[in-house]
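Welcome to a short walk through a protein model. Have your viewer ready, and select each stop as we reach it.

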Amino acid sequence: MPHGRDFMETTKEHVLDTFFDNLSRSTSRLLLLDYDGTLAPFTPNRLAAFPAPGISAALEDILTAGRTRVVFVTGRDCEELAGLLGLKNPVEIWGCHGREYRGPDGRTKTIGVSPEAQESLREGFEAARAAIGTAERTEYKTGCATVHWRGLDPTERERISKAVLPVWQDMAGRHGFEIKDFDGGIELCVPGRTKGDAVNDLLAEYGDNTPTTAFLGDDLTDEDGFAALGSRGLPVLVRNEPRSTKAHTRIPMPEGVLEFLGRWRAIDSQ
Ligand SMILES: [Mg+2]
């Protein structure tokens with residue numbers, strides 16, 4: 001009888017082997033990638049979160065080969081992510097958790113936030129910035145205001161949380177906003193769009209001819225993307241430790257992601 005862990009490792013390898021076998025026989029390939037915690041290690045300064053060594057080269061090769069459509073699906077806004085990626089090839093991005101789209105030609109569109117809601121979010125952002133006393137841990141973007149507390153000690157997190165949450169809870173009650181926890185902070189969001197909607201919009205472009213698709217992500221917000229992709233592709237949790245997930249397999253960051261992209265690159269170059 002196999003040892004439990006060995007069995008799990010064998011199953012994980014089988015899922016990946018089957019996927020790459022399918023990919024090698026497919027001419028329609030779609031690679032969906034979260035950024036923070038998936039391609040880039042977390043850093044206390046979120047504006048200095050660059051891809052892990054080797055990631056950019058693998059992505060550049062896949063983009064240059066031109067046989068896979070690569071779409072970055074992120075909570076960041078599109079322009080900020082494009083800057084951090086710093087790739088020579090044009091990139092396609094679904095940003096702000098499915099609220100903001102930017103095509104490889106630079107064309108952009110924004111989905112479903114009224115000017116009134118956006119203005120209210122600005123108030124939430126300014127309240128948070130005032131509570132924290134610095135701009136670098138706050139973020140204001142389409143459909144969302146965010147507080148980042150990664151790297152802060154628990155006392156400071158508690159202080160920020162106590163200062164920001166009552167204001168945000170009041171706004172959430174008045175405007176129907178949601179307050180979401182994520183891995184490293186909290187967000188005040190206009191409800192109604194998630195990464196899952198971005199995945200569904202992308203797949204809808206293909207009708208019944210679903211491409212061979214994988215979605216790599218690490219955070220709770222990626223679970224919406226995993227659920228949307230479901231059995232139409234391979235949802236992959238990027239995480240060193242197990243957690244309850246809708247992903248079909250799990251790989252560690254960065255070595256598992258590097259290996260995954262390396263296998264994809266090898267198939268695209270055949
Ligand atoms: Mg992430």
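Start by selecting Val-236 and Thr-249: Val-236 stands opposite Thr-249, which lies in strand S12. Here strands (E, at least two residues) and helices (H or I, at least four) are DSSP runs, numbered from the N terminus. A word on the model itself: it is predicted, so local features need pLDDT of at least 70 and side-chain atom pairs count only at pLDDT 80 or more, while totals for chains, interfaces and linings use all residues. Residues are numbered from 1 along each chain as its sequence is written.

**Stop one: S11 and its neighbours**

Now select S12, residues 249-251, together with S11; three bridges join these parallel strands. Two strands pair if DSSP finds at least two bridges between them. Add S10, residues 212-217, which runs parallel to S11 and is joined to it by four bridges. Leu-216 is the residue to pick out, as it stands opposite Val-236 in S11. To get from S10 to S11, follow the chain through helix H7 (residues 222-229); this β-α-β crossover is right-handed, that is, with the strands pointing away from the viewer, the path from the first strand over the helix to the second runs clockwise.

Is S11 mostly covered or uncovered? Select residues 234-238: five of the five residues are buried, and the strand is mostly covered. Buried means that 20 or more other C-beta atoms, placed from the backbone, lie within 10 Å of the residue's own, and exposed means 12 or fewer. Show the side chains, and Leu-234, Val-236 and Val-238 point one way, with Pro-235 and Leu-237 pointing the other way.

**Stop two: helix H4**

Next, select H4, residues 115-132. The expected span is 1.5 Å times one less than the number of residues, so these 18 residues should cover 26 Å, and the end C-alpha atoms are indeed 26 Å apart. Colour Leu-121, Gly-124, Phe-125, Ala-127, Ala-128 and Ile-132, the buried residues of H4. They cover an arc of only 160° around the axis, which puts them on the same side of H4; the arc is that of the directions from the helix axis to the C-beta atoms. Turn to the other side to find Pro-115, Glu-116, Glu-119, Arg-122 and Ala-130 exposed. Finally, click on Gly-133, which follows H4 and has a positive phi, near 85°.

**Last stop: the whole protein**

Zoom out to see eight helices and twelve strands. The C-alpha trace spans about 55 × 45 × 30 Å along its principal axes, and buried residues make up 40% of the 270 residues.
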